[in-house]
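Let's take a walk through this chain, starting with its overall dimensions and then going piece by piece. Keep the structure open and turn it as you read.

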Amino acid sequence: MAITIKSEREISLMREAGKILADVHNKLAEIIAPGITTLDIDRKGEELIRKAGCVPSFLNYEGYPASICVSVNDEVVHGIPTDSRKIEEGDIVSLDAGVIYEGYHSDAARTHGVGKISKEAEQLIAVTKQSFFEGIKMAVPGNHLHDISAAIQKYAESYGFSIVRDLVGHGIGTKLHEEPQIPNFKPVGRGPKLRPGMTLAVEPMVNAGDWKIWILEDDWTVVTRDGSNSAHYENTILITEGEPEILSLNETDISV
């Protein structure tokens, strides 16, 4: 499928979807504390999404059974919420969520530290977030897609962390996953040229240890093979005539 260029109407709808998703993430951040279960987080997330007039992008997507992916510590992505998994002091918790607003998706992820976390975990979360911002500095017309990928990789690896190779970002619009795939590492080739109107979900997944992963028996939860912590940071962005527009961040949330 070709990369879609969004119309002004489509961009307007995706802006609203992103604004709603940013608000969902902000409200979920407020409830993460020791003792809460991952299922509690999922239920609250679905409630917020539906209250805003949206549909959860992830619920039943290819069989995924929840609205919010809640991944803890060595879980990279796609952790399935349960009432038996309680968040503990010192954990790091990645929340990946998506909304559908009038037929258009937005997708974003954040990683949170719970209480007092290790210095390495603090740095991992900060570097993962900043690697996104380093990547999107390259998200301007005339550059190529893999310029984003290379910038993410260079920044994360400069701190001794590793980039997950088996999972990538993606285009987004009327479908959750559209072309193109967006690696967080520099593959062979330059990738397609960036054009105004492209909407992309850029999502660094960074491990404290080795980049290799496993998928658990539930066929969803991805974990680091060496048991090291992993962090995830994602936003839906729009390629414009100038600097990229981050659709899934409210203005007050932008800090690097």
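A quick definition before we look at size: the radius of gyration here is taken over C-alpha atoms, and the rule for a globule is 2.2 Å times the number of residues to the power 0.38. For 256 residues, that rule puts a compact globule near 18 Å, and the chain comes in at 17 Å, so the two agree. Bear in mind that this is a predicted model. If you'd rather think in terms of a box, the C-alpha trace spans about 45 × 40 × 35 Å along its principal axes. Inside that box, the chain has four helices and 15 strands.

Start with the helices at the beginning of the numbering. Helix H1 covers residues 8–31 and helix H2 covers residues 38–51; their axes come within 10 Å of each other and cross at roughly 150°. Angles over 145 degrees count as roughly antiparallel, so that is how H1 sits relative to H2. As for handedness, the crossing of H1 and H2 is right-handed. Which residues do the touching? On the H1 side, look for Val24, Lys27, Leu28 and Ile31, which meet Ile41, Lys44, Gly45, Leu48 and Ile49 of H2. Sorted by class, the H1–H2 contact has six nonpolar residues, one polar and two charged.

Just past that pair, there's a backbone detail worth a glance. Asparagine 60 sits in the loop that links strand S1 (55–56) with strand S2 (68–72). Its phi is near 70°, which is a positive value in a residue other than glycine.

Now move on to the other helix pair. H3 packs against helix H4 (residues 145–157) at an angle of about 145°, and their axes are 8 Å apart. Here, too, the crossing is right-handed, with H3 passing H4. H3 brings Val127, Gln130, Ser131, Glu134 and Gly135 to the contact, while H4 supplies Ile148, Ala151, Ile152, Tyr155 and Ala156. The tally for H3 with H4 is six nonpolar residues, three polar and one charged.

Next, the strands. Find the open sheet of three strands, ordered S6-S10-S13 and paired antiparallel. Its edges are strand S6 (162–163) and strand S13 (230–232), each of which pairs on one side only. What does H3 have to do with this sheet? Helix H3 (residues 119–136) packs on it, touching S10 and S13, and its direction makes about 35° with that of S13. Within the sheet, S6 and strand S10 (residues 205–207) run antiparallel and are joined by two bridges. To place that pairing on the model, find isoleucine 163 and look across to its bridge partner in S10, valine 206.

Last stop: a hairpin in which six residues connect S7 to S8. Strand S7 (residues 169–171) and strand S8 (residues 178–182) run antiparallel, with three bridges between them. Glycine 171 faces glutamate 178 of S8 across the pairing. While you're here, look along S8 for proline 180, which belongs to that strand. The peptide bond leading into proline 180 from glutamate 179 is cis, with omega near 5°.

Terms used
Residues are numbered from 1 along each chain as its sequence is written. This is a predicted model: local features need pLDDT of at least 70, side-chain atom pairs count only at pLDDT 80 or more; totals for chains, interfaces and linings use all residues. Side-chain values use heavy atoms; hydrogens and water are left out. Two strands pair if DSSP finds at least two bridges between them. Contact means heavy atoms within 4.5 Å. Axes are lines fitted to C-alpha atoms, for helices over the stretch in contact, and angles run from 0 to 180 degrees between N-to-C directions. Angles under 35 degrees count as roughly parallel, over 145 as roughly antiparallel, 65 to 115 as roughly perpendicular and the rest as oblique. A crossing is left-handed if the near helix is turned anticlockwise from the far one by less than a right angle, and right-handed if clockwise. Ala, Val, Leu, Ile, Met, Phe, Trp, Tyr, Cys and Pro count as nonpolar, Asp, Glu, Lys and Arg as charged, and the others, Gly among them, as polar.
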